[in-house]
Amino acid sequence: GSSEASGTRMHCGAFLVQCCYQATATSSCLFLSGAAQNYLVLKLAAGVGVEVEQPFVTWTLAALAPCIVCFVGTPLLVHMLLPPTQRSTPEAPRAAAST
């Protein structure tokens with residue numbers, strides 16, 4: 001495993017943590033109810049006269065393409081910026097089976 005204390009965070013820990021963090025942010029943007037600021041933006045738009053008839057459907061359809069790009073592109077970009085030094089983990093299935 002990776003650990004900051006042992007200096008092995010770049011084995012694959014930094015890559016995995018950053019990918020998971022970015023995937024969480026992207027998925028919260030995909031759905032209107034995914035994050036509080038999404039609903040706030042809808043209310044602010046209504047305050048200036050922009051009414052959305054089906055806000056949940058409209059929000060999801062509008063966010064779908066950018067989120068797909070982010071879901072595909074984020075691991076590629078993170079792999080370039082934080083390349084894992086350990087790319088093969090043949091012991092992982094045995095370790096998972098033993099827990």
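**Entry 1: a helix and a ruler**

How far apart are the end C-alpha atoms of helix α2, and what should its 12 residues span at 1.5 Å a residue? I looked up residues 36-47 and found the end C-alpha atoms 17 Å apart. The expected span is 16 Å, so the two values agree. I tried α1 as well: its 18 residues should span 26 Å at 1.5 Å a residue, and its end C-alpha atoms are 26 Å apart, which agrees too. Just after α2, I noted that G49 takes a positive phi of about 95°.

**Entry 2: how far to trust the model**

I reminded myself that this is a predicted model. I checked the confidence next, and the mean pLDDT of the protein is 89. I also saw that 98% of the residues reach 70 or more. Which element has the lowest mean pLDDT, and which the highest? Helix α4, residues 92-97, has the lowest at 87, while helix α3, residues 55-81, has the highest at 95. A note to self: where pLDDT is low, predicted coordinates should not be read in detail.

**Entry 3: α1 beside α3**

I turned to how α1 and α3 pack, and I found an angle of about 175° with the axes 9 Å apart. An angle over 145 degrees counts as roughly antiparallel, so α1 is roughly antiparallel to α3. I listed who makes the contact: from α1 they include F15, C19, Q22, A23, T26 and L30. From α3, W59, T60, C67, C70 and F71 are among them.

Which residues of α1 are buried? I wrote down G13, A14, F15, C19, T26, S28 and L30. The buried residues of α1 pack against α2 and α3.

**Entry 4: T26, up close**

I picked T26 from helix α1, which covers residues 13-30. Is T26 buried or exposed? Its relative accessible area is 9%, and the cut-off for buried is under 20%, so T26 is buried. I then followed its side chain, which reaches the backbone oxygen of Q22 at 2.9 Å. Leaving aside neighbours within four places in sequence, I found T26 in contact with C67, C70 and F71. Those three also appear among the α3 residues in the α1 and α3 contact.

**Entry 5: A23, on the same helix**

A23 is in helix α1 as well. I found a relative accessible area of 31%, so A23 is partly exposed. I also looked up its distance to T60, which is 37 residues away along the chain: their C-alpha atoms are separated by 16 Å. Both A23 and T60 are in the list of residues that make the contact between α1 and α3.

**Entry 6: S28 and N38**

S28 lies in helix α1. It has 17% relative accessibility, so it counts as buried. Which residues does S28 touch, not counting those up to four places away in sequence? I found G34, A35 and N38. I also compared S28 with G49, 21 residues apart along the chain, and their C-alpha atoms are separated by 25 Å.

N38 was my next stop, and it lies in helix α2. With a relative accessible area of 5%, N38 is buried. Not counting residues up to four places away in sequence, N38 touches S28, C29, F31, L32 and W59.

**Entry 7: out in the loop**

Where is S33? I found S33 in the loop between α1 and α2. Its relative accessible area is 64%, and exposed means over 50%, so S33 is exposed. Last, I looked up S33 and F56: they are 23 residues apart along the chain, and their C-alpha atoms are separated by 8.1 Å.

Definitions and conventions
Residues are numbered from 1 along each chain as its sequence is written. This is a predicted model: local features need pLDDT of at least 70, side-chain atom pairs count only at pLDDT 80 or more; totals for chains, interfaces and linings use all residues. Side-chain values use heavy atoms; hydrogens and water are left out. Helices (H or I, at least four residues) and strands (E, at least two) are DSSP runs, numbered from the N terminus. Buried means under 20% relative accessible area, exposed over 50%, partly exposed in between (1.4 Å probe, protein chains only). A polar contact is a pair of N or O atoms within 3.5 Å; within protein, one must be able to donate a hydrogen and the other to accept it, and residues adjacent in sequence count only if both atoms are side-chain atoms. Contact means heavy atoms within 4.5 Å. pLDDT is the predictor's confidence in each residue, from 0 to 100. The expected span of a helix is 1.5 Å times one less than its number of residues. Axes are lines fitted to C-alpha atoms, for helices over the stretch in contact, and angles run from 0 to 180 degrees between N-to-C directions. Angles under 35 degrees count as roughly parallel, over 145 as roughly antiparallel, 65 to 115 as roughly perpendicular and the rest as oblique.
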